[in-house]
Amino acid sequence: MDFAPVMPWLIDVLAGVTLAIGLYALVRFRMVVAPRMRERFGSWARWTVWALVALLMVVLANLELMALREILHSWFKFDSSLAHEIIFAVVALVGGYFLVARYVRRQRTMDSANSESDCRIRK
């Protein structure tokens with residue numbers, strides 16, 4: 001079986017998954033660090049962490065897109081790879097969204113389970 005026709009699409013999906021994991025890691029970092037920075041230094045530090053993480057997300061996405069363009073151009077001689085870039089972006093954003101949504105949903109259920117034990121019904 002020859003994987004040559006499918007290989008560019010597999011590279012798109014792999015790059016998208018890699019970016020999704022990177023975005024997820026940055027969101028998790030922000031969710032852990034930003035509240036601690038607010039407690040220690042104030043609200044301005046929290047916003048600084050948010051801005052830094054947003055900047056890192058943009059830089060990470062652009063670096064991966066440049067690498068994807070270079071790989072598609074040098075290995076497969078693609079000059080215009082718009083369809084591949086769209087696949088890359090869709091896989092990255094959808095994958096990152098579902099990873100973050102899964103984490104937030106799990107965190108909320110754990111928080112609500114912990115808070116139920118603290119609640120007391122008064123008659």
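**Exercise 1. Determine which residues of helix H2 are buried, and test the length of this helix.**

Step 1. Buried residues in H2 are Ala45, Val49, Val53, Glu64, Leu65, Leu68 and Leu72. Buried denotes under 20% relative accessible area, exposed over 50%, and partly exposed the range in between, with a 1.4 Å probe and protein chains only. Helices are DSSP runs of H or I with at least four residues, numbered from the N terminus.

Step 2. The model is a predicted one, in which local features need pLDDT of at least 70, side-chain atom pairs count only at pLDDT 80 or more, and totals for chains, interfaces and linings use all residues. Residues are numbered from 1 along each chain as its sequence is written, and side-chain values use heavy atoms, without hydrogens and water.

Step 3. The expected span of a helix is 1.5 Å times one less than its number of residues. For the 34 residues of H2 (residues 43-76) this gives 50 Å, and the end C-alpha atoms lie 49 Å apart, which agrees.

**Exercise 2. Describe the backbone and the exposure of Lys77.**

Step 1. Lys77 follows just after H2 and lies in the loop between H2 and H3.

Step 2. Its phi is positive, about 60°, although Lys77 is not a glycine. Most residues other than glycine have a negative phi.

Step 3. Lys77 counts as exposed because its relative accessibility is 61%.

**Exercise 3. Identify the partners of the one salt bridge and locate them.**

Step 1. The criterion is a side-chain nitrogen of Lys or Arg within 4 Å of a carboxyl oxygen of Asp or Glu. Arg69 and Glu85 satisfy it, at 2.7 Å from N to O.

Step 2. This pair links distant parts of the chain, Arg69 in helix H2 and Glu85 in helix H3 (residues 82-118), 16 residues apart.

Step 3. Arg69 is partly exposed, with a relative accessible area of 41%, whereas Glu85 counts as buried at 18%.

**Exercise 4. List the members of the largest nonpolar core and assign them to helices.**

Step 1. A nonpolar core is a set of buried Ala, Val, Leu, Ile, Met, Phe, Trp, Tyr and Cys residues joined through side-chain atoms within 4.5 Å. The largest has nine residues: Ile11, Ala15, Leu19, Leu23, Leu65, Leu68, Leu72, Phe88 and Ala92.

Step 2. Helix H1 (7-41), H2 and H3 each supply at least two of these residues. H1 gives the largest share, four residues.

Step 3. Contact means heavy atoms within 4.5 Å. Apart from neighbours within four places in sequence, Leu19 is in contact with Leu60, Ala61, Glu64, Phe88 and Ala92.

**Exercise 5. Establish the location, burial and contacts of His84.**

Step 1. His84 belongs to helix H3.

Step 2. With 7% relative accessibility, His84 counts as buried.

Step 3. Residues up to four places away in sequence are not counted; His84 then touches Pro8, Trp9, Asp12, Leu68, Leu72 and Phe78.

**Exercise 6. Classify the ring pair of Tyr97 and Phe98, and find the charges that sit over rings.**

Step 1. Rings of Phe, Tyr and Trp (its six-membered ring) pair if their centres lie within 6.5 Å; planes under 30 degrees apart are stacked, over 60 edge-to-face, and the rest tilted. The structure holds six such pairs. For Tyr97 and Phe98 the centres are 5.4 Å apart and the planes stand at 70°, so the pair is edge-to-face.

Step 2. Both Tyr97 and Phe98 are exposed. Trp75, Phe76 and Phe78 form one aromatic cluster.

Step 3. A charge sits over a ring if NZ of Lys or CZ of Arg is within 6 Å of the ring centre and within 35 degrees of the ring normal. The charged end of Arg30 sits over the ring of Trp50, 4.2 Å from its centre, and that of Arg46 over the ring of Trp47, 5.1 Å from its centre.

Definitions and conventions. Helices (H or I, at least four residues) and strands (E, at least two) are DSSP runs, numbered from the N terminus.
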